[in-house]
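Trainee: Please take me closely through one part of this model, the packed interior and what lies around it. I would like to follow it residue by residue and then see how the rest is placed.

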Amino acid sequence: MRVRTLVNPFSCVKRYPKPVWPELFPAFCGIIDVEIGCGTGSFLRNYAAAHPAHAVVGFEIRKKLVDAAQAKIAEQKLENAFLLWGNGHTGLEDMFDNNSIDRLFIFHPDPWIKRHHLRRRIINAPFLDLVHQKLKPDGCMYIATDVPDLWAAMHESIVSSQKFTHITDDPFWTTLYHTRWKEMSIEQKRSLFYGTFQK
Ligand SMILES: C[S@@+](CC[C@H](N)C(=O)[O-])C[C@H]1O[C@@H](n2cnc3c(N)ncnc32)[C@H](O)[C@@H]1O
């Protein structure tokens, strides 16, 4: 049984400059996809390899995981994958113009069960306002978890925000959704909960 090692996202106070994507990689086609909480970075790397003209940007708060994933990105020569250390909430605030992100992925976010830790959860009302601001007009947020109570809380926050439409038949979930935590959840016979929420 894997135990979740949690790092407080507020422990990192790093801020980020705004990138000029075509200067960073000339193949950029205008599409920006972001993942928060990349873990080992396996989804980010596979997704970036399959979408070489998209800017694929990831944030991860655990420095050791970032260092290891960045080494793999360099090894694979993925010019469009940018994995950054830090809090994804801050990264969204700093790095992206309003109405500029096509897809935001959050797979198996840390559940932070204790009442006095609830504010460390990534999905909350101010975060949903920020996501709504940063997504393009038809942009989508993709969320998955293996924790039933967390799914219920996230779903309720999203519905209460009245900012997103729940798409129930998105083929993404049967084709591109592959993460380490998804594999472990299946091995350990935990149920998966996921959904696509369009702006
Ligand atoms: C349970 S793991 C899931 C990893 C990966 N998404 C997967 O599905 O295999 C959650 C990850 O999110 C990271 N994380 C949690 N809050 C974060 C935040 N605010 N910003 C960036 N990373 C965060 C954690 O450090 C952890 O690596």
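Mentor: What follows starts from one residue in the interior and works outward to a helix pair, the ligand and some exposed positions.

Keep in mind throughout that this is a predicted model.

Start with Leu 44, which is found in helix 2, residues 42-50. Leu 44 counts as buried because 28 other C-beta atoms lie within 10 Å of its own, and the cut-off for buried is 20 or more. Apart from its neighbours within four places in sequence, Leu 44 is in contact with Glu 35, Cys 38, Val 56, Gly 58, Ala 81 and Leu 83. For contrast, take a residue that is remote from Leu 44 along the chain: Gln 188 is 144 residues away in sequence, and the two C-alpha atoms are 23 Å apart in space.

Leu 44 has buried company in its own helix. Phe 43, Leu 44, Arg 45, Tyr 47 and Ala 48 are the buried residues to look for in helix 2. What do the buried residues of helix 2 pack against? Their partners are strand 1 (32-36), strand 2, helix 3 (63-75), strand 3 (81-85) and strand 4.

Now widen the view to the nonpolar core. The largest nonpolar core has 43 residues, and the members that touch the most others are Leu 44, Val 56, Ala 81, Leu 83, Leu 104, Met 141 and Ile 143. Strand 5, residues 135-145, gives the most to this core, with six residues. Val 56, Ala 81 and Leu 83 have already come up among the contacts of Leu 44. As a general matter, nonpolar side chains tend to be buried together in soluble globular proteins.

Next, look at a pair of helices. Helix 4 (residues 88-95) and helix 5 (residues 125-134) pack with their axes 10 Å apart, at an angle of about 35°. Their crossing is left-handed. On the helix 4 side the contact is made by His 89, Leu 92 and Glu 93, and on the helix 5 side by Phe 127, Leu 130 and Lys 134. By class, the residues of this contact are three nonpolar, one polar and two charged.

Helix 4 also leads to the ligand. Strand 2 (55-60), helix 4 and helix 8 (180-187) are the elements that give two or more residues to the shell around the ligand. Helix 8 gives the most to this shell, with three residues. Which residues come nearest to the ligand? Of the 24 residues around the ligand, they are Pro 9, Gly 37, Gly 39, Thr 179 and Trp 181. The shell as a whole has eleven nonpolar, seven polar and six charged residues.

Pro 9 deserves a separate look. This residue lies in the segment before helix 1 (21-24). Pro 9 is buried, because there are 22 other C-beta atoms within 10 Å and 20 are enough for that label. Beyond its neighbours within four places in sequence, Pro 9 is in contact with Ile 61, Asn 87 and Arg 120. Ile 122 is 113 residues from Pro 9 along the chain, yet their C-alpha atoms are separated by 8.6 Å.

Finally, compare some positions outside the buried set. Val 159 is found in helix 6, residues 148-161. Although valine is one of the nonpolar types, Val 159 is exposed, with 12 other C-beta atoms within 10 Å. That places Val 159 in the exposed class, because exposed means 12 or fewer. Between the C-alpha atoms of Val 159 and Arg 103, which are 56 residues apart along the chain, the separation is 19 Å.

Two loop residues are also worth checking for their backbone. Asn 99 is not a glycine but has a positive phi of about 55°. Asn 99 sits in the loop between helix 4 and strand 4 (101-107). With 13 C-beta neighbours inside 10 Å, Asn 99 counts as partly exposed. Lys 189 is likewise not a glycine and has a positive phi of about 60°. Its place is in the loop between helix 8 and strand 7 (193-198). Buried or exposed, which label fits Lys 189? Lys 189 is exposed, because the number of other C-beta atoms within 10 Å is 6.

Key: Residues numbered from 1 in each chain as written. Predicted model: local features only at pLDDT ≥ 70, side-chain atom pairs only at ≥ 80, totals over all residues. Core = buried A, V, L, I, M, F, W, Y, C linked by C-beta atoms within 7 Å. Helix = DSSP H or I, 4+ residues; strand = E, 2+ residues; numbered from the N terminus. Contact = placed C-beta atoms within 7 Å. Axes fitted to C-alpha atoms, helices over the stretch in contact; angles between N-to-C directions. Left-handed = near helix turned anticlockwise from the far one by under 90°. Near = placed C-beta within 6 Å.
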